[in-house]
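This report goes through a few local features of one protein model. Please look over the sequence and the structure before reading on.

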Amino acid sequence: MNAFRRLAGFVLILLTGVVALAALHIDAQRNFALAKERYLENSHAASQATAKTVEDALHAIYENVRTLTYLPSVRNLDRHGTNLGDEGRATIQQIYNNLANNVSISEVYFLPLDFDPDRFDAVTGKLEEPILQFDQLIVNARARSDAAGSPKQAKLDDSALARPAEEVETYEYHELAKQLAWLKANYPNSSNIEGLNVPIIGTKELITCDNTDFFHSGDDADRSGFILSVPVFAADGNLRGSVSAIMLTSALRKLVPSTDYVIVNAGYDFESDQHRLSTSLAADTRSFTAPDPKLVYSEVIPLSLNDPKSAWRLWVGFPNSRFEGNVDVRSVREFERAGYAATVIVTLLALVCWHAIGRTMSMQADAAETLERRVEERTAEIQHLATHDILTGLPNRGLLAETMDEALKSLRDSEKLAVHCVDLDRFKPVNDTLGHPIGDELLGAVAKRLIQQASETAMVARVGGDEFIILQLLLDGDEQAGALASRVIHALSDEFQIQGHTINIGGSIGIAVFPDDGDSSEILIRNADLALYKAKMEGRGTCRSFEPGMDARLQERRLIEAELALAVANDQFVLHYQPLHEAKTSNLTGFEALVRWNHPRLGLLAPSEFIQLSEETGVIDTLGDWILRQACADAAKWPLPVKVAVNLSPAQFKQQSLPLQVASALAASGLMPSRLELEITESVLLAHNEHTIQTLHSLRDLGISIAMDDFGTGYSSLSYLRSFPFNRIKIDRSFVSLMCESSESRAIVKAVAELGTTLGMTTTAEGVETEDQYRLVRENGCTDVQGWLFGRPMPASQLYALFEQPGALTA
């Protein structure tokens, strides 16, 4: 596609987008106008309804106050209210209750025609007060009547009035007097009033005060209100006085739904709520006599009330924010914005698509070339994955076999090929305790070390989990193979630092050499594997070369594995017991249970010949349970307090039900838990995981003892004493056997004994075989001893002779 067509397409897409935006804007304006029209209609209807509510409320106020002016008890009151009877008081109280409860009237007064707040009352000796129509009228009228009828009282005491003199509401009384003066001037008799229907509103807005604080501090502003006055005419039609009531402004506020409404009377300069409106909204409406053109809706609604001084109105003003928050308006705005956004997005997408089409068409040739190159790279990657180990990047078993076959065919007469089978010695515990991710990273580190040690004439491959094979071309004799194996073993024995963990593993190597040990890749690898098995059987961390007869030994091992699986079911195992004695008294304290395999072909086998094999094959679970039950059953027959110690394999701690198995063995035998001691090695605590510690605590909770066996032979024995409070520490025989010759060994034994004393743990010296060793372990603080000096392991039937010896048992 040429540049002109691409530019024309861009222009057409942009024009289409602009036209769509214009159409959307026109439609949005039309919808906005309709929404505003509906909003104004609804606002007008709401304003009219509010105006009707206010008008009805003011009518009710007028009519309730006017009712008082018709009462004979009010029209006939004398100057001090002394002629007010019980019936009059009850009637006035009923009317006042209706005013106070229904129309929020604060105060109601009756003003005689000659009321003057600046004149002193001859009876009270104070400034005149209006006659209060409810509680004040009733109380004060009775007090004044009593004062007038008593010959001893010339005037009324302050205490006789309900309202103290200092609380006379002088400010209000002057406002009442002003309204009464207006009535005198404009309505002296009833003939000037049409139907006696003339309510009078008398003030802008006053502050009713219960004390004089207002004049000094301006407090009590919450009692703001206005005075409503109605004339009272006597029977002859002349003005008798007036009834005045104070209507609280707060009552008027309750008549309107929000601060968008103001009740206005311009003649009295009264505005119910203007101080609560925002100045910015009412800048031009201070008098509230006209609508505000700045507001989205504003209206002045006249209220139909008979007031000769001025007119009542309801001012309404809705701000633009109210309009913008309307549901219809928001819907129009949101639809408009969504339409704009959609149009812009579609236009941009069209431009992008048009650009992509042009770009795609112009890059077809480059795409074909790129695709071909990627196919080649992917093919090479797949081929590499097919021939290499994903984890370490080393050649895998398939590539190893091909390489070996090619190497065997190309070797010259004087050249040899060595096959090294490398197996990591302690890799499985790393996976079990630290997790497979760390194990995988460790394998990568091992691969790097193997590559570093291999020469240019050697190839390293990974053929299994922790198994590697090194192919080495021997140019200078078989010694080259041994030298490489030594370097590899030394490299693998160094520590590995993996994710903050210090890991020690090591490796064992088996070697087979072409053509001496085989003439094909399969035979060479098999023979190297046999040599590896021999190296691992001889203690690991070593190298062995293939020898004739190794195959027969492997077959023998496989036969023993098969026989071991059936040995427990065939009752081929027996327990021997080695005694433990108290160091100071040499009294017998217990026995350690040691398993033997009564093999039908090979005779009595020691644990070293089958325990590791049982752990590798999983037979240890069944065998360990049998040992525990048999030891508990035998010990239950021994005299008190002789104890029995049973060794637990690290593999047994992987069982979730180990505490249940121990409890079951105790229950079945009837042996007291305090007479059972379980011995573990530090390899059990290698993982430092919660399951192991929790299992040990569960065993301790059964009431049994826990002993740390072979203490001092590992890397971190002291840290294990912190992780779990053992009952006993068994010092390894390697330290005891050298005590007579080595001061260092004596120092170690003494330090461990003192450590046990400090931690409240019993210390047992293992492997005591001579009187000198016995003397030294006793002098250095060991509490118990065990070894051939006191007895070799023996069948259970031979133990009873020991029990019968005088003084043999600890009291």
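Is Asp 27 buried, partly exposed or exposed? With a relative accessibility of 26%, Asp 27 counts as partly exposed. The model is a predicted one, and the values in this report are computed from it.

**Salt bridges**

Asp 27 is a useful starting point, as it takes part in a charged pair. Side chains of opposite charge can pair when their charged atoms come close. The partner of Asp 27 is Arg 30, and the two side chains meet in a salt bridge of 2.9 Å from N to O. Arg 30 is also partly exposed, at a relative accessible area of 47%. Both residues belong to helix H1. They are three residues apart there, so about one helical turn separates them.

A second pair, in helix H5 (residues 170-186), has this spacing too: Lys 178 and Glu 175 are three residues apart, about one helical turn. The closest N and O atoms of this salt bridge are 3.6 Å apart. Here one partner is exposed and the other is buried: Lys 178 has 52% relative accessibility, which is over the 50% needed to count as exposed, while Glu 175 has 12%, which is under the 20% limit for buried.

A third salt bridge is formed by Glu 766 and Lys 730, with the closest N and O atoms 3.5 Å apart. Glu 766 lies in the loop between strand S25 (762-765) and helix H24 (771-779), whereas Lys 730 lies in strand S24 (residues 728-731). The pair therefore ties together parts that are 36 residues apart in sequence. Glu 766 is buried at a relative accessible area of 7%, and Lys 730 is buried at 0%. These two residues also belong to a network: salt bridges with shared partners join Glu 592, Glu 679, Lys 730 and Glu 766. The count for the model comes to 19 salt bridges.

The three pairs described above are listed here.

| Residue | Partner | N to O distance |
|---|---|---|
| Arg 30 | Asp 27 | 2.9 Å |
| Lys 178 | Glu 175 | 3.6 Å |
| Glu 766 | Lys 730 | 3.5 Å |

**Paired strands**

Two members of the network, Glu 592 and Glu 679, appear again among the strands. Glu 592 stands opposite Ala 645 in strand S21. S21 (residues 643-647) pairs with S19 in the parallel sense over four bridges. S21 also pairs in the parallel sense with strand S22 (residues 676-680), over four bridges. In S22, Glu 679 is the bridge partner of Asn 647.

Which way do S18 and S19 run relative to each other, parallel or antiparallel? Strands S18 and S19 (residues 588-599) run antiparallel and are joined by nine bridges. One position in this pairing is His 576, which stands opposite Leu 594 in S19. The two strands form a hairpin with five residues between them, and in this hairpin Ser 586 takes a positive phi near 60 degrees.

S18 has further partners. Two bridges join S18 to strand S27 (residues 794-795), and these strands run antiparallel. His 576 takes part here as well, with Pro 795 as its bridge partner in S27. Two bridges also join S18 to strand S26 (residues 784-785), again antiparallel. In S26, Asp 784 is the bridge partner of Glu 582. Strand S18 itself spans residues 573-582 and is mostly covered, with eight of its ten residues buried.

**Surface patches**

The last part turns to the outside of the model. Which residues make up the negative surface patch? Glu 402, Asp 405, Glu 406 and Glu 522 form the patch. Helix H11 (residues 397-410) supplies the largest share, three residues. Glu 406 is found in helix H11, and Glu 406 is exposed, with a relative accessible area of 56%.

Another patch is nonpolar. Leu 7, Val 11 and Leu 15 make a nonpolar surface patch of about 280 Å². Leu 7 lies in helix H1 (residues 3-69). Its relative accessible area is 54%, so Leu 7 counts as exposed. Helix H1 is also the helix that holds Arg 30 and Asp 27, the pair with which this report began.

Terms used
Residues are numbered from 1 along each chain as its sequence is written. This is a predicted model: local features need pLDDT of at least 70, side-chain atom pairs count only at pLDDT 80 or more; totals for chains, interfaces and linings use all residues. Side-chain values use heavy atoms; hydrogens and water are left out. Buried means under 20% relative accessible area, exposed over 50%, partly exposed in between (1.4 Å probe, protein chains only). Two strands pair if DSSP finds at least two bridges between them. Patches are made of residues with over 30% relative accessible area and no salt bridge: like charges are joined within 9 Å, nonpolar side chains (Val, Leu, Ile, Met, Phe, Trp, Tyr) within 5 Å. Accessible areas come from the Shrake-Rupley method with a 1.4 Å probe; for residues, only the protein chains shown count as cover. A salt bridge is a side-chain nitrogen of Lys or Arg within 4 Å of a carboxyl oxygen of Asp or Glu. Lys and Arg count as positive and Asp and Glu as negative; His and the chain ends are not counted. The place of a charge is taken as NZ of Lys, CZ of Arg, CG of Asp or CD of Glu.
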